[in-house]
Every structure is written in C-alpha cells, then in structure tokens.
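The following exercises introduce a protein structure step by step. Each task is followed by a worked solution, to be read alongside the sequence and the model.

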Amino acid sequence: MRILIILFLLLTSICAKSSDFSLIINKPFNNVLFDITQDYDRQISAVGYSQDYKHSSKKSNTTYTNAFDYLSSVASSYGPQMHLVKIDKYANLTLNRATKMSRFSEAVAVVKTPANGYFVGGYTLDGSLIILKLDSNGNIIFNNSFGTKNYDRMNNLVKLSDGGVLAVGSSITSRSQHDNLFESGLGLNDIYITRFSKDGRKLWSKKYGTEYDDRGIDAVEAFDGSILVLSTTSYDKNKNVTLMRITENGNKVWLKHYKADEVITPNKIIRLRDNNFLLSLSQKDEMNKEQIRLIKFDLQKNVLLDKIVHTTYASGLKDIKEYSDGSIIGVGYVQDTYNTDALVMILDSNLDMLNQEHYGEENYDIFNAVTILHNSQAAAAGIYTKKESQESNMWIVKLNRDATMAQKSVNTINIYEELLKLFKDEIDSGKLVIKEDLSIEFMDARLYFEVGEYKLSKEQKTYLDNFSKKLIPFLQRHNTYINTLELNGHTSSEWGNENFTNKYLKNAKLSMNRSFSTLSHIFKNQNLKTQAWLTVILKGSGLSYSKKVMRSENEDKEKSRRVSFKILLK
C-alpha cells in the first residue's frame with residue numbers, strides 16, 4: 001500500500017503541518033469526527049464525540065469486596081460527549097466544545113441552519129435519540145430527546161427542503177405483550193425514521209422493516225418531496241441492501257432489495273444534479289476483499305449504472321459528494337493486513353476513477369465524511385491515530401480537486417503587517433499606500449502617467465527598480481503562500497471627443513500597454529531563476545477606467561493614470 005506519511009508538529013495538543021491543511025485535535029482517550037460542513041462565514045465545522053470523565057464532588061466511603069460491584073459503580077463516570085469543532089481558513093481552531101449533558105452521547109451528523117447555526121443529531125449510550133439546535137457559537141437553543149422504550153440508535157440526520165430534518169436510524173424490537181406494533185417492531189431491529197420541522201417540532205415517527213434485522217443507514221429527499229431511504233437487512237450469513245421510497249408523510253411507495261451472495265454494506269446515498277441518485281456500497285469479492293460498488297438509479301428504482309471500482313487493497317467510500325461538473329469525490333478507507341489509511345477518490349460522471357490518494361500513518365486512519373467547499377476544494381473529517389498510540393484523534397483536512405492535500409492559507413494580516421514594515425519609508429513619505437487586501441497603490445505624482453502615455457519615464461523606472469528590489473525577494477520568501485502578483489494598468493475616462501465605445505476600447509488598450517511596460521521593465525531586471533518563478537505568479541492586465549480614482553464624487557484624472565499591484569494568496 002502506498003502510504004503518504006503526514007508529519008505533524010507536536011508542540012501543542014492541537015497540531016498541524018506548517019503548510020498542509022491538516023488538523024489533528026489530540027484529546028485524552030478515543031475521539032472521533034463523523035460529519036462535516038461549511039459555515040456561511042467560510043469556516044469549517046465538524047461533529048463527533050470526545051471522551052471525558054464525570055467528576056463527583058462527593059467522595060464515596062463505600063468499600064467493595066466484589067470487583068463487578070465496583071465496576072458497576074463507576075460505569076457512569078466515564079464516556080463520550082457530543083463534540084463540535086470549528087476551524088478557520090488558517091487551520092486555527094476557533095470553537096472546540098463538548099456538550100455537558102446528563103447522559104453520555106455521541107453526535108453522528110450536522111446540518112446547517114439559515115442563521116449559521118446547527119442541527120446536530122446523535123444518540124445516548126442508554127438508547128435514546130437526540131437532536132440539538134445550536135447557535136453559531138455552539139450554544140444549545142433546544143435539546144430534544146426522543147425515541148421508543150427500546151434501544152434506539154441514529155445513523156444520520158438529513159436536511160430537508162422545508163428547513164426541517166429527518167433522523168434515520170434503527171430501533172431494537174421488544175416482545176412485550178403491552179407494546180403496540182410501533183413499539184414492538186417487526187423484527188430484530190427495525191428502520192426508525194423521524195421527521196422534524198425547522199423549529200424542532202416532531203412531525204412523525206415510523207418503523208419499517210422485515211422479520212429480520214433491519215437498520216436505517218441514510219436517506220435523501222427527492223425533487224418532489226418524497227424520501228429515499230437506504231438500509232441494510234441481515235439474515236443468516238447474508239447482508240443485503242434495501243432501498244425504500246416513502247412520501248413526505250412517511251407512507252411507503254416502493255421497496256427494492258439488492259441481493260448478492262457476497263456481503264454488501266451500504267454507506268451513503270446522495271441526490272445528483274440530474275435528480276437521479278447515487279449509492280455508495282462496500283461489497284466483498286471472491287477473495288473476501290472489500291471493493292467499492294456505486295449504483296446510479298432514478299426515482300422509479302431503475303438502475304442506470306452499476307459499477308465496481310476495483311482497487312489493489314480493500315477499500316470503501318463512507319461518504320460521497322457531487323461537484324457542479326458531475327464528477328464525484330468520495331472519502332473512506334483503504335486497508336491491508338496491518339494498516340488502515342484514509343482514502344480520497346475522484347471519479348468522473350461515468351464513475352470511472354480519475355485520482356486517488358491515501359493519507360495517514362502506519363496505524364488506523366479513516367475519513368468518515370466530506371463536504372465540498374465554495375471554492376471547489378473539499379473538507380474531510382474522521383479519525384487519525386498516531387503510529388505509537390492506541391488512542392484515536394479527531395482529524396480535519398482540506399483537499400484539492402485532484403485529491404491532493406490543500407495548503408493552509410497564510411494569515412493575511414501577517415503579510416499585510418510585514419509589507420507595512422518593508423515599505424515603511426515609502427509609506428511615511430507618501431509615495432505609496434498598502435491596503436489590507438494587499439493591494440499597493442503609488443501616490444507620488446511623478447509616478448503617474450501623462451495623458452495618453454504608456455512608456456515609463458526615468459523617474460518611474462528608478463522607482464520601480466527600488467520597489468521591485470524589495471517586493472520580489474519578499475514574495476520569494478513567502479512563495480509557499482503566494483498565488484498571484486497582479487499588475488494592473490489604469491486610465492482616466494477621457495479620450496477627446498470619441499464616442500463611448502471608442503473611448504472605452506482605446507483606454508482599455510492604453511491600460512494594457514501601461515501594465516505591459518511596467519511588467520516588462522520589472523521582469524527584464526531579474527535573473528533567470530527569478531524570471532522563471534515570476535512566469536508562474538505574475539499576471540498583467542488592463543482595466544481601462546473601471547477603477548478610476550474619485551475624490552468628492554469627482555474623477556481625479558491625474559491619479560487615475562497609474563499602475564497598481566495586488567498580491568493574491570493561495
């Protein structure tokens with residue numbers, strides 16, 4: 001197995017590589033992240049659980065002569081609590097909060113609310129289901145515990161078009177003569193579905209299943225408001241996949257079983273942009289090795305595409321998402337006899353694999369969930385286990401479109417402050433201004449262009465030489481974070497008596513000439529190595545008079561005839 005070893009800085013309990021966007025949250029005992037989403041402020045949030053002790057304020061004087069009595073007494077003092085984390089674009093942890101509930105609990109899913117808060121779904125270890133509504137800072141707005149009298153477990157919380165959510169899971173059947181069908185169930189375990197309104201009010205709860213062991217895994221809403229439910233049915237040595245379509249009120253429309261001689265494990269169902277659906281399954285082959293199986297089907301349960309993605313090692317995709325171009329990103333695991341790595345896979349719209357990458361150390365590492373970000377990168381959450389450790393840690397990474405690890409953004413404020421120090425003399429003398437968006441404007445009247453002119457004057461060339469001798473080495477020192485150096489040419493809006501069309505086009509050409517003359521002068525004065533680097537980051541453009549300088553609602557034509565610079569970070 002090809003393993004990409006990720007080295008982490010172990011200076012604090014929260015650690016990350018200096019450039020890779022990978023964050024491990026190292027807390028005592030086993031900790032896990034199960035789901036991830038992007039906030040409206042572009043931060044990334046994830047939920048799971050962390051382990052903690054409950055400390056009693058009173059010391060017990062009880063003496064135990066039986067070890068089992070002692071273990072029973074401390075059984076309620078240690079266990080998991082729902083945990084919410086939030087990180088910014090610099091991989092800094094901005095929120096790290098465990099819920100302090102009276103019962104131990106685990107969070108399995110997170111859904112954004114319109115107010116930038118969260119619905120969080122999970123379950124308690126004693127068998128109750130929980131839905132929390134949190135504000136953007138992780139404070140609990142309401143806490144709703146629900147379920148049957150039996151042991152219930154939630155597997156996912158699904159966002160619905162009306163702003164509400166659907167809880168998907170399972171419930172153990174009891175055989176009490178006093179229970180009705182809902183409470184007693186149909187088999188060993190039953191699929192258990194509950195729908196909530198956007199304000200957290202329970203609308204309905206229903207059970208579905210066979211006489212065998214049925215478990216609800218995931219669900220997704222169709223364009224017409226009906227719901228597709230993914231579940232598994234186990235009997236004897238068989239484990240099959242079941243798809244069910246229900247109405248918005250929970251009434252069954254159709255049921256379809258995917259039976260096979262091999263064990264099939266369902267992982268995820270999503271709705272595609274063409275309003276068809278995609279299943280991610282794990283299926284064992286003749287060598288008893290797990291392989292990825294993807295099934296595309298329509299609302300009438302017609303199979304459109306059924307493909308097994310063959311890999312060298314046992315693999316599974318725990319979560320899948322669709323990009324706007326129809327390609328798919330999937331995350332999960334790849335494992336051999338001794339090691340499990342986190343897996344990232346990119347597939348085209350025909351479900352053919354384009355790229356795959358493995359991440360982690362020589363231990364147990366896995367991605368449980370992925371979300372596509374606004375800039376077409378993706379964020380994944382899961383488990384990271386250090387090589388010499390037996391404890392799992394919460395793990396968040398950011399990924400590029402080709403499945404490679406994204407880089408952390410450098411703090412813009414730090415770059416800005418460094419630029420202010422670098423050009424302090426020029427700023428103090430009024431020759432240039434640097435803005436917090438990392439744009440640089442020349443302010444000295446001798447650095448502006450004459451009307452209709454684009455060739456550099458002697459003063460402009462001298463100043464650009466001194467300016468570039470400071471700026472270019474500065475960018476090279478920070479090249480890990482520099483994406484682009486923009487050099488923009490500008491004009492005033494004047495051009496004699498020309499009509500609007502000609503005036504704009506001639507100014508557009510003039511602005512490009514000003515940009516080119518400045519760019520070429522700086523470029524020619526660099527050595528070959530620096531020139532080669534500049535070809536990657538340097539971008540010249542002409543903006544005509546679209547960014548003309550205004551003073552008191554009047555155009556300052558002299559100051560509009562200029563060039564400006566802007567640094568864009570990765």
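**Exercise 1: A pair of helices**

Task: State with which handedness α5 passes α6, and find which residues of the two helices meet.

Solution. The model is a predicted one. Step 1: α5 passes α6 in a right-handed crossing. Step 2: Helix α5 covers residues 458–477 and helix α6 residues 500–524; their axes come within 10 Å and cross at roughly 55°. Step 3: An angle between 35 and 65 degrees falls outside the parallel and perpendicular ranges, so α5 is oblique to α6. Step 4: On the α5 side the contact is formed by Lys461, Leu464, Asp465 and Ser468, and on the α6 side by Thr518, His521 and Ile522. Step 5: Sorted by class, this contact of α5 with α6 holds two nonpolar, three polar and two charged residues.

**Exercise 2: The sheet that begins with β7**

Task: Give the strand order of the open sheet that contains β7, and explain why one side of β7 and of β10 is left without a neighbour in the sheet.

Solution. Step 1: The four strands follow the order β7-β8-β9-β10, with antiparallel pairing. Step 2: β7 (105–112) and β10 (140–146) stand at the edges; each has a single partner strand, so one side of each lacks a neighbour in the sheet. Step 3: Direction ignored, neighbouring strands of this sheet are turned by 20° against each other on average. Step 4: For one of the pairings, strand β9 (residues 129–134) is joined to β10 by six bridges, and the two run antiparallel. Step 5: Within β10, Phe142 is the residue that stands opposite Lys133.

**Exercise 3: The sheet that begins with β23**

Task: Determine how many residues of strand β23 are buried, and describe the sheet in which β23 lies.

Solution. Step 1: β23 spans residues 314–322 and is mostly covered, with seven of its nine residues buried. Step 2: β23 belongs to an open sheet of four strands in the order β23-β24-β25-β26, paired antiparallel. Step 3: β23 and β26 (353–359) are the edge strands, each pairing on one side only. Step 4: The average turn between neighbouring strands of this sheet is 20°, direction ignored. Step 5: Eight bridges connect β23 with strand β24 (residues 328–335), and these strands run antiparallel. Step 6: Two positions illustrate the register: Leu317 stands opposite Gly332 in β24, and Lys321 has Ile329 of β24 as its bridge partner. Step 7: The hairpin of β23 and β24 has five residues between the strands, and there Gly326 takes a positive phi near 90°.

**Exercise 4: Positive phi outside glycine**

Task: Decide whether Phe29 and Asn116 are buried or partly exposed, and locate each residue in its loop.

Solution. Step 1: Phe29 has a positive phi near 70°, although it is not a glycine. Step 2: Phe29 lies in the loop between β2 (22–25) and β3 (32–38). Step 3: The relative accessibility of Phe29 is 26%, so Phe29 counts as partly exposed. Step 4: Asn116, likewise not a glycine, has a positive phi of about 70°. Step 5: Asn116 is placed in the loop between β7 and β8 (118–124). Step 6: The relative accessible area of Asn116 is 13%; because the cut-off for burial is under 20%, Asn116 is buried.

**Exercise 5: The whole protein**

Task: State how many helices and strands the protein has, and what share of its residues counts as buried.

Solution. Step 1: The protein has eight helices and 36 strands. Step 2: Of its 570 residues, 52% count as buried. Step 3: Among contacts between residues at least 6 apart in sequence, 53% join residues at least 24 apart.

Terms used: Residues numbered from 1 in each chain as written. Predicted model: local features only at pLDDT ≥ 70, side-chain atom pairs only at ≥ 80, totals over all residues. Heavy atoms only, no water. Axes fitted to C-alpha atoms, helices over the stretch in contact; angles between N-to-C directions. Parallel < 35°, antiparallel > 145°, perpendicular 65-115°, else oblique. Left-handed = near helix turned anticlockwise from the far one by under 90°. Contact = heavy atoms within 4.5 Å. Nonpolar A, V, L, I, M, F, W, Y, C, P; charged D, E, K, R; others polar. Pairing = 2+ DSSP bridges. Buried < 20%, exposed > 50% of the residue type's maximum accessible area, 1.4 Å probe, protein only.
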